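Work through the exercises below with the model open. Each task is followed by a stepwise solution.

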Amino acid sequence: MSGRFSEQAMTEAMRDVAASLGVSSENAKLLRLTNNAVFALPTSGIVIRIARTHRLRDRVTKVVLLGHWFADIDAPTIRLAPGVEQPVEVGTLTASVWEYLPAGSPTPTVEDLGRVLREFHSLGPPPFLLPNWDPVADARKRLADADGLGENDRGFLGQWCDRLEPQIVAMNQRAAQGLIHGDAHASNLLKGLSGRTVLCDFDATCVGPWQVDLTAVAVGERRFGRTGAHEALASAYGHDVTSDPSWPLLRETRELKMIVAAVPLLTASEQVTAEFDRRLQSVREDDHEAPWTPFADLTTPSKKGWSDDD
């Protein structure tokens, strides 16, 4: 993204948010520049997340509602910054503000993820409406903005969405619907000041089958060669998602997300484009074992902290 959603524009917006809160933005650090611009303000003890597209404004309202509910029930989650009326509006942009937790030791593990997810899933749905799990709708939104996508690839991805959509509807109808994080991996864990491991980043949080939250690690291991991560997660959680009857569908929906995540960068990075082509070719050939390279390992100058989970 550039122009009004550029790093410079987001930095200025962060300073405006900090000023409106009466806190210093000195020594602010940009953590991520993806769908959100995420800034840590350690001296002020807060993290500011600014949505970089107007289409995500509803997400900010959702995560703020979730943040208040999580605090009320003492969920294993990061907390909203106290005393801040949220969401925070800055011009045409919308932000949420969270407590800052410094990186600590030891770093949270996939075992921690399994234990935290069990507790998170036990919370049940909140007392307000959340969207249903719908990875195809998210993929279609990405494709709609895909300026650098060739027509053959666009057609294939559109047909893939068409094929998966009724299967996802059927799974949602037959499976017990509960609270799911939607982007469950160890890098979305933090250590609270009390030592408690907590989840963060609730943009994708929704209602759906709990098995969804075990899929990212399993697919990541198969595609990226992260040996042992899935076994550790399955042991800590108490369920091996790869033995689940819904595994083939869950795997496909995750791989779809991991491919269309590259769409916004197809005109900005040759390395990302090459990796996108490799991934899509493996799906075309029905090759579920072909190794992929994480986007975070590639040169992506227009993104900071970007990964296959964005």
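A cavity is a set of grid points where a 1.4 Å probe fits but cannot get out. Its volume is the space filled by probe spheres set on the points. Keep in mind throughout that this is a predicted model.

**Exercise 1. The cavity**

Task: Find how many cavities of 30 Å³ or more the structure holds. Then give the volume of the largest cavity and describe its lining.

Solution.
- Step 1: count. The structure holds 1 cavity of 30 Å³ or more.
- Step 2: size. The volume of the largest cavity is about 40 Å³.
- Step 3: list the lining. Asn-36, Arg-49, Ala-51, Val-60, Val-63, Ser-96 and Asp-203 line the largest cavity.
- Step 4: assign elements. Strand β3 (46–51) and helix α2 (57–73) are the elements that give two or more residues to this lining.
- Step 5: sort by class. The lining has 3 nonpolar, 2 polar and 2 charged residues.

**Exercise 2. Arg-59**

Task: Place Arg-59 in its element, classify its exposure and list its contacts beyond four places in sequence.

Solution.
- Step 1: locate. Arg-59 sits in helix α2.
- Step 2: classify. The relative accessible area of Arg-59 is 25%. Partly exposed covers the range between 20% and 50%, so Arg-59 is partly exposed.
- Step 3: list contacts. Leaving out residues up to four places away in sequence, Arg-59 touches Asn-35, Asp-138 and Asp-203.
- Step 4: link to the cavity. Asp-203, touched by Arg-59, is also one of the residues lining the largest cavity.
- Step 5: compare sequence and space. Arg-59 and Ala-204 are 145 residues apart along the chain, with their C-alpha atoms separated by 8.3 Å.

**Exercise 3. Arg-140 and its partner**

Task: Which residue shares a side-chain polar contact of 2.9 Å with Arg-140? Start from the helix and the exposure.

Solution.
- Step 1: locate. Arg-140 belongs to helix α4 (residues 135–144).
- Step 2: classify. With a relative accessible area of 29%, Arg-140 is partly exposed.
- Step 3: list contacts. Beyond its neighbours within four places in sequence, Arg-140 is in contact with Gly-158, Cys-161, Asp-162 and Glu-165.
- Step 4: pick the partner. The side chains of Arg-140 and Asp-162 are joined by a polar contact of 2.9 Å.
- Step 5: take a distance. The C-alpha atoms of Arg-140 and Glu-289 are separated by 25 Å, and the two residues are 149 apart along the chain.

**Exercise 4. The nonpolar cores**

Task: Identify the residues with the most contacts inside the largest nonpolar core. Then trace what Phe-276 touches.

Solution.
- Step 1: recall the background. In soluble globular proteins, nonpolar side chains tend to be buried together.
- Step 2: size the core. The largest nonpolar core has 70 residues. Leu-157 and Phe-276 have the most contacts inside this core.
- Step 3: find the main contributor. Helix α8 (residues 247–260) gives the most to this core, with 7 residues.
- Step 4: trace Phe-276. Not counting residues up to four places away in sequence, Phe-276 touches Leu-149, Asp-153, Leu-157, Ile-259, Ala-262, Val-263, Leu-266 and Phe-295.
- Step 5: look elsewhere. Another core lies apart from the largest one; it has 21 residues, among them Leu-33, Ala-37, Leu-41 and Val-84.

**Exercise 5. Two residues: buried or exposed?**

Task: Decide whether Arg-254 and His-185 are buried or exposed.

Solution.
- Step 1: set the cut-off. Buried means under 20% relative accessible area.
- Step 2: take Arg-254. Arg-254 is in helix α8. Its relative accessibility is 8%, so Arg-254 counts as buried.
- Step 3: take His-185. His-185 lies in the loop between β6 (178–180) and β7 (189–191). At 12%, His-185 is buried too.
- Step 4: add the polar contact. The side chains of His-185 and Ser-187 are joined at 2.5 Å.

**Exercise 6. Backbone exceptions**

Task: Describe the peptide bond from Gln-86 to Pro-87 and the phi values of Asn-27 and Asp-286.

Solution.
- Step 1: set the expectation. Most residues other than glycine have a negative phi, and most peptide bonds are trans.
- Step 2: check the bond. From Gln-86 to Pro-87 the peptide bond is cis, with omega near -5°. Pro-87 is in the loop between α2 and β4 (88–90).
- Step 3: check Asn-27. Its phi is positive, near 65°. Asn-27 lies in the loop between α1 (7–21) and β1 (29–33), and is exposed at 55% relative accessibility.
- Step 4: check Asp-286. Its phi is positive, near 55°. Asp-286 lies in the segment after α9 (270–284), and is exposed with a relative accessible area of 55%.

Methods. Residues numbered from 1 in each chain as written. Predicted model: local features only at pLDDT ≥ 70, side-chain atom pairs only at ≥ 80, totals over all residues. Heavy atoms only, no water. 1 Å grid on protein atoms, 1.4 Å probe; cavity = no way out; pocket = protein on both sides within 12 Å on 5 of 7 lines; lining within 4 Å. Helix = DSSP H or I, 4+ residues; strand = E, 2+ residues; numbered from the N terminus. Nonpolar A, V, L, I, M, F, W, Y, C, P; charged D, E, K, R; others polar. Buried < 20%, exposed > 50% of the residue type's maximum accessible area, 1.4 Å probe, protein only. Contact = heavy atoms within 4.5 Å. Polar contact = N/O pair within 3.5 Å; in protein donor to acceptor, adjacent residues only side chain to side chain. Core = buried A, V, L, I, M, F, W, Y, C linked by side-chain atoms within 4.5 Å.
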